[in-house]
Amino acid sequence: MLRLGVIGTNWITAQFIDAAYKQEAYQLNAIYSRHEATAQALADKVGVKATIYTDLDAFFASDLDVVYIASPNSLHAPQTIQALAAGKHVIVEKPLAVNLKQLAAVNEAVQAHPDLMVFEAARHIYDANFKRINEFVATNDVSGATLSYMKYSSRYDAVLAGETPNVFSRQFGGGALMDLGIYLVYAAVAWFGVPNRATYQAKMLNTGVDGDGVMRLSYPDFDVTLITGKTKNSELTSEIYVGRDTLAFDQVGEIHHLTLKTETETTDLSQPIFDNPMEAEAKAFAEAIETNDREAFKKAWTLANSVHQVMGQLRQSAGLHFDTK
């Protein structure tokens, strides 16, 4: 049983705790928040007694095996580094880093602690339907793809009212690319590899970050279009093209339905998935940590680094810069 500590008290942390407990591989021991009341509210919500910390150093000094980090984006990298220095494995919400300088610093910390593992919580890549697509791509000659993930943010109304919530803040590495767009980049790199060129045409908000936009990834024999946004809801179907055939599925962040359409028939390829979309990743992380599966860690870490190199190209193309430490 892995002794778990969490940083961040939003809905996503509660969802991860639920997924962790359903896998019966974690025991929540500690919650960190700047405010005791919000930490206690999370403990009450998930129905678990845990020690509450408002001092981050004391939290990291506590008796934990693994830390789940779901703080504002710009804090992910420095808190990951601090967790490693304290001897903890890390599960960190995407994005792992908001610039290549942060990415390099995390890599240096990982190399300095070869007995520990860091997993970026790109939850969709562990789902059965995502893996089914990976198998399909590996056995077919892809001629292109259009991938979509757009959702109206619950905090966008605050932006329209003149406020700057963290998820739309330049200071905290917010915006569409860093939130929903990274799901698309993960999918493209996992399925098709690292592109030769990556560009991003972004619609900028007055908060200094992107509200939505379109990415173009160029490969030797085809292009991939990625459509993301936090300012509108979309029902666009994602598609992978194989000549005249089309593999169609719902938005990339959480794939429920998967269909292969040919000129003569339509075949449902959908696989069963967990009710909690974070359960597959919670299971994979626990298995890797408990069995010291260095190959699983290496595979995930290599993919994460490739994704963030592409993310760096996309930010540069769009003029998105987060000058955080």
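This passage describes the overall form of a predicted model and its two largest pockets. Local features require pLDDT of at least 70 and side-chain atom pairs count only at pLDDT 80 or more, whereas totals for chains, interfaces and linings use all residues. Residues are numbered from 1 along each chain as its sequence is written, and side-chain values use heavy atoms, with hydrogens and water left out.

The chain has 325 residues and a radius of gyration of 19 Å, which agrees with the value near 20 Å for a compact globule of that length (taken over C-alpha atoms; the rule is 2.2 Å times the number of residues to the power 0.38). Buried residues, 56% of the chain, are those under 20% relative accessible area with a 1.4 Å probe, protein chains only.

The largest pocket holds about 1400 Å³ of space, a pocket being an open set of points on a 1 Å grid over the protein atoms alone, where a 1.4 Å probe fits, with protein on both sides within 12 Å along at least five of seven lines; its volume is the space filled by probe spheres set on the points, which are joined across faces, edges and corners. Its lining, residues with an atom within 4 Å of a point, comprises 46 residues, of which Asn 10, Trp 11, Ile 12, Ala 70 and Val 167 lie nearest the centre.

The second largest pocket, of about 670 Å³, is lined by 27 residues, with Ile 125, Tyr 126, Lys 131, Ala 284 and Lys 299 nearest its centre.

Key. Buried means under 20% relative accessible area, exposed over 50%, partly exposed in between (1.4 Å probe, protein chains only).
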